[in-house]
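Me: I should like to go through this structure with attention to the criteria behind each description. Please show it first.

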Amino acid sequence: MVERRTPIPIEEAIERVMKYPLGGGVEAVSIEESDGRVLAKPLLATHPVPPFRKSPYDGFAFRAEDTKGALENHPVTFRIVEHVPAGHVSTYELGRGEAVRIMTGAKIPDEATCVAMFEVCQEYVQDEEEYVSIKREMKAGQNVMEAGSETEDGQVLVGAGKVINPGVKALLATFGYSVVHVYKKPRIGVFATGTELIDVDAPLVDGKIRNSNASMVVSQIKRAGGVPIYFGSLRDELHQSYESMKVALEEVDVLITTGGVSVGDFDLLPAIYEKLGAKVLFNKVAMRPGSVTTVASVDGKLLFGLSGNPSACYAGFELFVRPIIRGGLGTSAIHPPKTLATLKGDFGKANPFTRFVRGKLVLQEGRVFAQPVGIDKSGVVTSLAETTILIKLHGGTRGHQEGDVVDVLLLETDEGDPHTWTAH
Ligand SMILES: Nc1nc2c(c(=O)[nH]1)N[C@H]1C(S)=C(S)[C@@H](COP(=O)(O)OP(=O)(O)OC[C@H]3O[C@@H](n4cnc5c(N)ncnc54)[C@H](O)[C@@H]3O)O[C@H]1N2
Ligand code: MOO
Ligand SMILES: [Mg+2]
């Protein structure tokens, strides 16, 4: 007789999985290799910025008080005593009525209190001496970037747990972090199961299909920030599959399989979990696709039995595996961020389970729409290429109509939300 499984709500399934967080070790990488990694230590300013009083303009630096009384018809004149390009430090002690010609980014001489842009100055040469005159009063501090005005020494600029993006890299470089401490990427093993599977480079044979889940899941692992370790595909044979999984488990933090988790004659994962002595956390979730998603644990390691059906496999990964990888990376923002969007298309049929329709966001006339893409079936692979969101349609007695405001989960972002499944 077929096994009857009890579906549990998604929130509960996620809670059960999250009881097995990954350790999150730390390693040092070079700044060049640090893109997309997660900071394991806060990024502190190691000196003030700017580190010295800096000119924001190409112009002339002098004492502001020397311009007192300057007017359109009564300019004041300075003798230019030095040219100061960026990178050069003037050692000349600037006196009254003297100015330096200074470039953007150069250190302003200590005695100068302002910078006048070229555009407000008139330069001229007389008796082989250079002069500049100005027809307006300047204030002390005008056009001066004070040392430390952007940030002070020791200030925490980015907290641990932040993904290293181009802006963070600019800060790492600014403060001399040629080596960066980041969380280790979790090692995620993958097996595809199914005697019907043939490799990507094999010609198509009647009754067989190419293994698309392995490539897809490996890519999802990379997108989530983990290191994929693909062990190949397994034929639907209990003993061989068990042996292969047992050996692979030693090498990884988490092991994913695709296929073989439902109730078919060759759905062997339930028997493999039993043979491994694994504890099944759940084997049915009240969601579609991905209802057969099964998660088990053995010796503290999680085994994710994702569905063989491509769309179900995809959704199961994003909802359950991604947060475990993100958590292992040291960020608390583990779940796909949730936002609201207006539904395009009708989903009239009521469904007892929560549905995750594959879709994309469309911006029209200042509004955000959730546009389903492709065929909304668990076994479909063609809709996934365009998928950037999961449109969450709650289960119940009513369907959903075009124009309904619905939750959508964003998939193609480094951002995350710790509260996607808890906040209401
Ligand atoms: N009697 C029942 N039958 C099914 C149930 C059920 O509750 N009662 N659940 C259905 C649901 S829902 C899903 S989802 C699928 C899940 O099946 P499995 O996870 O056991 O996966 P398989 O049987 O191995 O394969 C399903 C389907 O996916 C194709 N597949 C498998 N692996 C790959 C791969 N690596 N790349 C591409 N496609 C793959 C496979 O050929 C099958 O077509 O069960 C329903 N049945
Ligand atoms: O596990 Mo299935 O994806 O609900 O069609
Ligand atoms: Mg099956």
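The exchange below takes up the assignments one by one.

Me: What kind of model is this, and what pLDDT do local features need?

Reply: This is a predicted model, in which local features need pLDDT of at least 70 and side-chain atom pairs count only at pLDDT 80 or more, while totals for chains, interfaces and linings use all residues. Residues are numbered from 1 along each chain as its sequence is written, and chains are lettered from A and ligands numbered from 1 in the order in which they are written.

Me: How do you know which domains the protein has?

Reply: The bounds come from an automatic or database domain assignment. This assignment gives domain 1 (10-22 + 186-328), domain 2 (29-49 + 160-183), domain 3 (59-134) and domain 4 (338-410). The C-alpha centres of domain 3 and domain 4 lie 64 Å apart.

Me: Where does the name "domain: MoaB/Mog" come from, and which residues does it cover?

Reply: The name comes from an unreviewed UniProt entry, which lists residues 189-327. UniProt positions are given in the numbering used here, feature names are shortened, and annotations may be inferred rather than shown by experiment. In the model this span is 37% helix and 28% strand, and its end C-alpha atoms lie 17 Å apart. Helices (H or I, at least four residues) and strands (E, at least two) are DSSP runs, numbered from the N terminus.

Me: What makes strand β5 mostly covered?

Reply: A residue is buried if 20 or more other C-beta atoms lie within 10 Å of its own, exposed if 12 or fewer, and partly exposed in between, with C-beta atoms placed from the backbone. In β5 (residues 98-102), five of its five residues are buried, so the strand is described as mostly covered. E98, V100 and I102 point one way from β5, and A99 and R101 the other way. In a regular strand the side chains alternate between the two faces of the sheet.

Me: How do you know that β5 pairs with other strands, and in which sense?

Reply: Two strands pair if DSSP finds at least two bridges between them. Strand β3 (residues 59-62) shares three bridges with β5 in the antiparallel sense, and F60 stands opposite R101. Strand β4 (residues 76-84) shares five bridges with β5 in the parallel sense, with E82 as the bridge partner of V100. Both pairings therefore satisfy the criterion.

Me: Which strands pair with β24?

Reply: Strand β20 (residues 338-343) pairs with β24 (residues 405-410) in the antiparallel sense over five bridges, one of them linking A341 to V406. Strand β23 (residues 389-393) is also antiparallel to β24, over four bridges, and I391 stands opposite V408.

Me: Why is Y230 called partly exposed?

Reply: Y230 has 16 C-beta neighbours inside 10 Å, a count that falls between the limits for buried and exposed, and is therefore partly exposed. The residue is found in strand β14 (residues 227-234). Not counting residues up to four places away in sequence, Y230 touches V190, A214 and V218; contact requires C-beta atoms, placed from the backbone, to lie within 7 Å. The C-alpha atoms of Y230 and V190 are separated by 4.8 Å, although the two are 40 residues apart along the chain.

Me: Why are D127 and D299 called exposed?

Reply: D127 has 5 C-beta neighbours inside 10 Å and is therefore exposed, and D299, with 9, is exposed on the same criterion. D127 lies in the loop between β7 (121-126) and β8 (129-134), and D299 in the loop between β18 and β19 (301-306). Phi of D127 is near 50°, a positive value in a residue other than glycine; phi of D299 is also near 50°.

Me: What makes a residue part of the shell around ligand 1, and which come nearest?

Reply: A residue is near a molecule if its C-beta atom, placed from the backbone, lies within 6 Å of it. Of the 27 residues around ligand 1, A192, N213, G259, S262 and G308 come nearest. The elements giving two or more residues are α3 (212-224) and α6 (310-328), and α3 gives the most, with three.

Me: Which residues surround ligand 2, and where is the cis peptide bond at P289?

Reply: The residues around ligand 2 include R288, P289, G290 and S378. The cis peptide bond joins R288 and P289, with omega about -5°, and P289 lies in the loop between β17 (287-288) and β18 (294-298).

Technical notes. Contact = placed C-beta atoms within 7 Å.
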